[in-house]
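Here are my notes on this one, as numbered points. Have the structure open while you read.

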Amino acid sequence: MSEANHDAYMQEAINEARKGLATGGIPVGCVIVLNGEIIGRGYNQHVQQNSVIKHAEMSALENMGKLCSTDYQKCTVYTTLSPCPMCSGAIRLFGIKNIVIGENKTFLGDESLLKSEGVSLVVLNNLECIGLMNQFIQQHPEIWHEDIGQ
């Protein structure tokens, strides 16, 4: 996939993160792409649904519905933030092999485990993603720390 495609899909993930922020939640967004088409999208709904599992990646996986196992392997996950252990586990469970990460400066998820299992990671260090998270963490540290289990 080209860098231009990464930017376009990441912008869609950022749009999801902004939806989460606009509805009172944590600004993390995700889209899942198969054969050049977005088939799943979601944002963190920890606050909105009082849920411990509604991270952006989990929401996007749920919203895309079931696929056959070979299709999961062809998917690319675009997430604005490095995936936490829970989301990384779901990605590994379904055999997704490609992740494009908006940023891992504010939070470094389970990237080393994903890499060790052959998952391809591209980290964009997108300034908009970094800015959204830094501002949220500064304004709502208690919500952020609760969401990541600290």
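1. A word on labels before anything else: helices here are DSSP runs of H or I with at least four residues, strands are E runs of at least two, and both are numbered from the N terminus. With that settled, Ile-130 belongs to helix H6. Keep in mind throughout that this is a predicted model.

2. Is Ile-130 buried or exposed? Its relative accessibility is 15%, and buried means under 20%, so Ile-130 counts as buried. Going by C-alpha atoms, Ile-130 sits 8.1 Å from Asn-104, with the two positions 26 residues apart in sequence numbering.

3. Now the rest of H6. The helix runs over residues 127-139, and its 13 residues should span 18 Å at 1.5 Å a residue; the end C-alpha atoms are 18 Å apart, so the expected and modelled lengths agree. Ile-130 has company in being buried: Cys-129, Leu-132, Met-133, Phe-136 and Ile-137 of H6 are buried too. Looking down the helix axis, the buried residues of H6 fall within an arc of 165 degrees, so they line one face. As background, an α-helix has 3.6 residues a turn, so residues three or four places apart point the same way. Over on the other side of H6, Leu-127 and Gln-138 are exposed.

4. Have a look at the start of H6 as well. There, Asn-126 brings a side-chain oxygen to within 2.8 Å of the backbone nitrogen of Glu-128.

5. Next, two asparagines with unusual backbone angles to check. In general, most residues other than glycine have a negative phi. Asn-35 has a phi near 55 degrees, which is positive although the residue is not glycine. Where is Asn-35 placed? Asn-35 is in the loop between strand E1 (29-34) and strand E2 (37-43). With a relative accessible area of 68%, Asn-35 is exposed, because the cut-off for that class is over 50%. From Asn-35 to Asn-104 the C-alpha separation is 26 Å, for 69 residues along the chain.

6. The other one is Asn-50, with a positive phi near 50 degrees, again in a residue other than glycine. Asn-50 lies in the loop between E2 and H2. Its relative accessibility is 73%, so Asn-50 counts as exposed.

7. On to open space. The largest pocket holds about 180 Å³. Which helix gives the largest share of its lining? That is helix H2 (residues 56-64), with 5 residues. Among the residues lining the largest pocket are Ile-53, Lys-54, Met-58, Leu-61, Glu-62, Tyr-72 and Phe-94. By class, the lining of this pocket splits into 7 nonpolar, 2 polar and 3 charged residues.

8. Last, enclosed space. How many cavities of 30 Å³ or more are there? The count comes to 1. The largest cavity has a volume of about 100 Å³. It is lined by 14 residues, and the closest to its centre are Val-28, His-55, Glu-57, Leu-81 and Ser-82. H2 turns up here as well: H2 and helix H7 (141-147) each supply at least two residues of the cavity lining. That lining is made up of 9 nonpolar, 3 polar and 2 charged residues.

Key. Residues numbered from 1 in each chain as written. Predicted model: local features only at pLDDT ≥ 70, side-chain atom pairs only at ≥ 80, totals over all residues. Heavy atoms only, no water. 1 Å grid on protein atoms, 1.4 Å probe; cavity = no way out; pocket = protein on both sides within 12 Å on 5 of 7 lines; lining within 4 Å. Points joined across faces, edges and corners; volume = space filled by probe spheres on them. Nonpolar A, V, L, I, M, F, W, Y, C, P; charged D, E, K, R; others polar. Expected span 1.5 Å × (residues − 1). Buried < 20%, exposed > 50% of the residue type's maximum accessible area, 1.4 Å probe, protein only. Arc of directions from axis to C-beta. Polar contact = N/O pair within 3.5 Å; in protein donor to acceptor, adjacent residues only side chain to side chain.
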